[in-house]
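Biologist: Could you walk me through reading a model like this one? I would like to start with the overall fold and end at the contact between chains.

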Amino acid sequence: MIKYLNPSYIFNLTGKILNIVKFFIIPIAIVGLIFSLFLSPKDYIQGDTVRIMYVHVPSAWISLLSFGALSLLCIINFIFKIKSLSLVYKSLAPIGLTFNIIAIFTGSLWGQPTWGTWWAWDARLTSMLILMFFYIAFIMSYKFIRDPINSSKVCTLISLAGLINLVVIKYSVIWWSTLHQPPSVNLMGETTIHISMLIPLSVMLLAFLLYCALIFLMKYRIETIRMKKKGLK
Amino acid sequence: MFFEILSMNGYGIYVWSSFIATFVVCLYFYLKTKKTLKKLEKDFIKEAESLSKLELENLKKQKIAREILVSHSKN
């Protein structure tokens, strides 16, 4: 078990996984794009605008998943002080922020033809915007707080507060009357989306996840080299 | 046919903008990350080369440092 948490073992593994990810990402992304832009059907109410879902939904999921993961890692790191975990969450946060911004931007582009407005201060949209601020605060705290112990404490605090916001995002469409539609894909409950739309959505999600893995592995290597460089001085 | 795909019944501007913006952001983020990684590897090697022979030998005993030195020489 300890072997798997060893930074040198992980660093070596990242190099191997990077090559596998690079091999699969482009074909999967092309298949996903063909399905989502040309082969998937139009929605009977929204028409072609529904295609925005294929970039908007995976981005939103990834931004939520990343924050959930980094919160968990922060808490574990805070308790057990595992050096490699701080490298993991530092690598994860910029990816989450990027996908959060993509989700907000594409959501806005979807909102204009569907709701007649680019933005509304409704519960789902506002809580996603708040998540963006949590991401920014999180990144700022590990970039600008020099002392690693203090930085870890602040990161844990921000991630804990952000976790509450994640719950608000998840249930915002149920607790409040919002412009945003309720979830169509449920892991635990009934999925209402048609299979002809679920397949492109799944392929696009896979492509996005591979992209995240690619960036994450590169970022992990960056953080590890930075750490090693400090040791040289 | 081509115009139909492009216009998407008048919604093309929203759909294509979403996909293009996502693609551009992802590409920029990838290139930026790759550039930073290459630069750091280069800097690491430069600093390693400035070490004395003994220090360099000790550095090569560390797995991560050895892999950085090897992976960069491959590229």
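Biologist: What radius of gyration does chain A have, and what would a compact globule with 233 residues have?

Modeller: A word on conventions before that. This is a predicted model, where local features need pLDDT of at least 70, side-chain atom pairs count only at pLDDT 80 or more, and totals for chains, interfaces and linings use all residues. Residues are numbered from 1 along each chain as its sequence is written, while chains are lettered from A and ligands numbered from 1 in the order in which they are written. The radius of gyration is taken over C-alpha atoms, and the globule rule is 2.2 Å times the number of residues to the power 0.38. Chain A has 19 Å, which agrees with the value near 17 Å for a compact globule of 233 residues. Its C-alpha trace spans about 60 × 40 × 30 Å along the principal axes.

Biologist: How many helices and strands does chain A have?

Modeller: Helices (H or I, at least four residues) and strands (E, at least two) are DSSP runs, numbered from the N terminus. Chain A has seven helices and zero strands.

Biologist: How many residues does each chain bring to the contact?

Modeller: Two residues are in contact if their C-beta atoms, placed from the backbone, lie within 7 Å. Here chain A gives 33 residues and chain B gives 30 residues. On the chain A side, the elements giving two or more residues are H2 (7-39), H3 (53-80), H4 (83-115) and H7 (195-232). H7(A) supplies the largest share, twelve residues.
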